[in-house]
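Reader: Before I plan anything at the bench, I would like to go through this model with you, one question at a time. Could you take me through the reasoning behind each answer?

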Amino acid sequence: MTYRTKGTCSMAIHVELAPDHTIENVEFVGGCSGNTQGVAVLVKGMKAEEAIEKVEGIRCGAKPTSCPDQLAKALRLALEEDGKR
């Protein structure tokens, strides 16, 4: 699934989850390349619920959100969509 970010330098996040909610792949479009690549690698193989717990609420400077926080929102949406299937 693709999530359009809000309030960050990245424009979108592509997320792939396995049926058991394991994160198979994360790709940020835009943003600070090194940071977004690092976040994507760190959460790969992690359960979506655990990743959400770790990165939700992280802020970028004075902004009320960040790329990791937007990833948590993307993962929540992916889980919601999976639950509707």
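Author: Let us begin with Arg 76, bearing in mind that this is a predicted model. The relative accessible area of Arg 76 is 38%, and because that value lies between 20% and 50%, the residue is classed as partly exposed.

Reader: Which residue forms a salt bridge with Arg 76, and how far apart are the closest N and O atoms?

Author: The partner is Glu 56, which lies in the loop between H2 and helix H3 (67–83), whereas Arg 76 is in helix H3 itself, so that the pair links distant parts of the chain, 20 residues apart. Glu 56 counts as partly exposed, at 38% relative accessibility. The salt bridge therefore joins Arg 76 to Glu 56, with the closest N and O atoms at 2.9 Å.

Reader: How many salt bridges does the structure hold, and where in the chain do Asp 20 and Lys 47 lie?

Author: The structure holds three salt bridges, and one of them is formed by the side chains of Asp 20 and Lys 47, at 3.1 Å from N to O. Both residues are partly exposed, Asp 20 with a relative accessible area of 44% and Lys 47 at 34%. The two are 27 residues apart, with Asp 20 in the loop between strand S2 (10–17) and strand S3 (23–30), and Lys 47 in the loop between helix H1 (33–43) and helix H2 (48–55).

Reader: Why are Asp 69 and Lys 73 separated by about one helical turn, and what is the N to O value of their salt bridge?

Author: Asp 69 and Lys 73 are separated by about one helical turn because they are four residues apart in helix H3. In general, an α-helix has 3.6 residues a turn, so residues three or four places apart point the same way. Asp 69 counts as buried at 4% relative accessibility, while Lys 73 is partly exposed at 36%. Their side chains meet in a salt bridge whose N to O value is 3.6 Å.

Reader: Which elements do the buried residues of H3 pack against?

Author: H3 has 17 residues and reaches 24 Å from its first C-alpha to its last, close to the 24 Å expected. Its buried residues include Cys 67, Leu 71, Leu 75 and Leu 79. These buried residues of H3 pack against strand S1 (2–4), S2, S3, H1 and H2.

Reader: At the start of H3, which residue has a side-chain oxygen that reaches to the backbone nitrogen of Asp 69?

Author: Asp 69 is among the buried residues of H3, and its backbone nitrogen is approached at the start of that helix by a side-chain oxygen. That oxygen reaches to within 3.1 Å of the nitrogen, and it belongs to Ser 66.

Reader: How many disulfides does the whole structure hold, and how far is the sulfur of Cys 60 from the closest cysteine sulfur?

Author: A search of the whole structure finds zero disulfides. Cys 9 is in no disulfide, the nearest cysteine sulfur being that of Cys 32 at 5.4 Å, and Cys 9 counts as exposed at 52% relative accessibility. Cys 60 is partly exposed at 41%, and its sulfur is too far for a bond with the closest cysteine sulfur, that of Cys 9, because the separation is 6.5 Å.

Reader: Which residue has a positive phi although it is not a glycine?

Author: The residue is placed in the loop between S2 and S3. Its phi is about 75°, and the residue is His 21.

Note on methods. Residues are numbered from 1 along each chain as its sequence is written. This is a predicted model: local features need pLDDT of at least 70, side-chain atom pairs count only at pLDDT 80 or more; totals for chains, interfaces and linings use all residues. Side-chain values use heavy atoms; hydrogens and water are left out. A disulfide is a pair of cysteine sulfur atoms within 2.5 Å. Buried means under 20% relative accessible area, exposed over 50%, partly exposed in between (1.4 Å probe, protein chains only). A salt bridge is a side-chain nitrogen of Lys or Arg within 4 Å of a carboxyl oxygen of Asp or Glu. The expected span of a helix is 1.5 Å times one less than its number of residues. Contact means heavy atoms within 4.5 Å. A polar contact is a pair of N or O atoms within 3.5 Å; within protein, one must be able to donate a hydrogen and the other to accept it, and residues adjacent in sequence count only if both atoms are side-chain atoms.
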